[in-house]
Amino acid sequence: MKVQTRYFGEVEIQDEKVITFEEGLPGFEDFKKFAVLDTEKGTFNYLQCIEDKDVCFVVTDPYEFKEDYAPRISEGYFEKLGGGDSKEFIIWVIACLKEEIEKSTINLAGPLLINLNTKKAIQVIIEDKKYKSRHTLEELLEEE
Amino acid sequence: MLALSRRTGEGLIIDGNIEIKVLEIQGDKVKIGIQAPKEIGIYREEIYAQIKLTNEEAASMEKMDLAHANEFMNKLKIKKENK
């Protein structure tokens with residue numbers, strides 16, 4: 001399908017790439033359909049909303065920054081996304097990039113849980129003081 | 001907003017399957033017990049608000065140069081491998 005994007009104009013997105021956030025994301029409850037664009041080859045990627053070109057996030061693999069990242073996610077979330085083998089699930093986090101890359105932050109308190117099989121996703125809220133909504137890359141990379 | 005008064009040990013039922021109980025009151029602190037189906041998300045308000053705010057900030061960034069950020073990370077990885 002043809003999709004309008006925030007940064008790249010109209011792009012073609014295959015149907016199987018579409019991920020559904022049935023509840024939207026906090027602050028973006030009305031936006032359900034997203035896709036990761038294949039414009040980038042690297043750590044950070046765009047998560048573009050299909051329904052509104054202006055809604056676009058930058059997402060990344062949290063384990064690149066924190067190898068021992070282990071948010072406690074209750075069973076209910078996995079079931080909500082259709083359940084199945086835990087191998088079918090992946091976790092991304094939203095990044096907030098800054099001019100100085102080291103000052104960019106990632107949100108470890110609100111990971112995106114995605115079921116690759118059902119293509120359903122949800123933003124989980126982690127109530128654990130260890131994980132903040134704004135960890136700077138600087139602090140995470142130093143820890144390693 | 002609906003406002004109801006409850007005493008310690010008393011509760012509320014919402015929609016037949018969510019139970020909220022006042023467990024303990026101490027000064028200005030109330031301990032609340034909630035029993036709800038697993039698929040119901042329950043969060044402390046300020047934590048939910050924080051995630052919402054962070055999402056809004058993340059989505060409102062000016063033109064983001066991912067190539068630059070990705071290049072930064074690649075260099076870092078190479079540096080690490082060479083160590």
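This text walks through a predicted model with chains A and B, from an enclosed strand to the surface and its charges.

Let us start inside chain A, with strand β6, which covers residues 56-60. Five of its five residues are buried, so the strand is largely enclosed by the rest of the structure. If you look at the two faces of β6(A) in turn, you will find cover on both. Cys56(A), Val58(A) and Thr60(A) point to one side, Phe57(A) and Val59(A) to the other, and all of them are buried.

What does β6(A) pair with? One partner is strand β5 of chain A, residues 44-49, which runs antiparallel to β6(A) and shares five bridges with it. Within this pairing, Tyr46(A) has Val58(A) as its bridge partner. The two strands form a hairpin, with six residues lying between β5(A) and β6(A). Another partner is strand β7 of chain A, residues 89-96, again antiparallel to β6(A), here over three bridges. In that pairing Val59(A) stands opposite Ile94(A) of β7(A). Val58(A) and Val59(A), then, sit on opposite sides of β6(A), with Val58(A) bridged to Tyr46(A) and Val59(A) facing Ile94(A).

Now for the backbone. Most residues other than glycine have a negative phi. Two residues are worth a look with that in mind. Lys119(A) is not a glycine, yet it has a positive phi of about 65°. You will find Lys119(A) in the loop between β9 (112-115) and β10 (120-123) of chain A, and it counts as partly exposed because its relative accessibility is 28%. In the other chain, Asp15(B) also has a positive phi, of about 60°, although it is not a glycine. Asp15(B) sits in the loop between β1 (11-14) and β2 (18-26) of chain B. Is Asp15(B) buried or exposed? With a relative accessible area of 72%, Asp15(B) is exposed.

Staying with chain B, let us turn to its nonpolar surface. Ile25(B), Val30(B), Ile32(B), Ile34(B), Ile40(B) and Ile42(B) together make a nonpolar patch of about 490 Å². Which strand gives the most to this patch? That is strand β3 of chain B, residues 29-35, with three residues. Ile42(B), another member of the patch, lies in the loop between β3 and α1 (45-59) of chain B. Its relative accessible area is 42%, so Ile42(B) is partly exposed. Ile25(B) offers a further landmark: its C-alpha is 9.9 Å from that of Gly9(B), and the two residues are 16 apart in sequence. Gly9(B) belongs to the segment before β1 of chain B and is partly exposed, at 43% relative accessibility.

Charges make a patch as well. Glu29(A), Asp30(A), Glu51(A) and Glu56(B) form a negative surface patch, with members from chain A and chain B. Glu29(A) is in the loop between β3 (19-21) and β4 (33-36) of chain A, and its 31% relative accessibility makes it partly exposed.

Finally, we come to the salt bridges, of which there are 18 over all chains. One of them joins Glu138(A) and Lys103(A), whose closest N and O atoms are 3.3 Å apart. This pair links distant parts of the chain, with Glu138(A) in helix α2 (residues 137-143) and Lys103(A) in the loop between β7 and β8 (105-106), 35 residues apart. Both partners are partly exposed: Glu138(A) has a relative accessible area of 32%, and Lys103(A) has a relative accessibility of 36%. Lys132(A) and Glu139(A) meet in another salt bridge, at 3.3 Å from N to O. Lys132(A) is partly exposed at 40%, as is Glu139(A) at 25%.

A further salt bridge takes us from one chain to the other. Arg134(A) and Glu57(B) have their closest N and O atoms 2.6 Å apart. The pair crosses between chains, from Arg134(A) in the loop between β10 and β11 (135-136) of chain A to Glu57(B) in helix α1 of chain B. Arg134(A) counts as partly exposed at 28% relative accessibility, and Glu57(B) does so at 26%. Through shared partners, salt bridges join Lys98(A), Arg134(A) and Glu57(B) into one network.

How values were computed. Residues numbered from 1 in each chain as written. Chains lettered and ligands numbered in written order. Predicted model: local features only at pLDDT ≥ 70, side-chain atom pairs only at ≥ 80, totals over all residues. Heavy atoms only, no water. Patch = residues over 30% accessible without salt bridge, like charges linked within 9 Å, V, L, I, M, F, W, Y side chains within 5 Å. Areas by Shrake-Rupley, 256 points an atom, 1.4 Å probe, with all protein chains shown as cover. Salt bridge = Lys/Arg side-chain N within 4 Å of Asp/Glu carboxyl O. Lys, Arg positive; Asp, Glu negative; His and termini not counted. Charge placed at Lys NZ, Arg CZ, Asp CG, Glu CD. Helix = DSSP H or I, 4+ residues; strand = E, 2+ residues; numbered from the N terminus. Buried < 20%, exposed > 50% of the residue type's maximum accessible area, 1.4 Å probe, protein only. Pairing = 2+ DSSP bridges.
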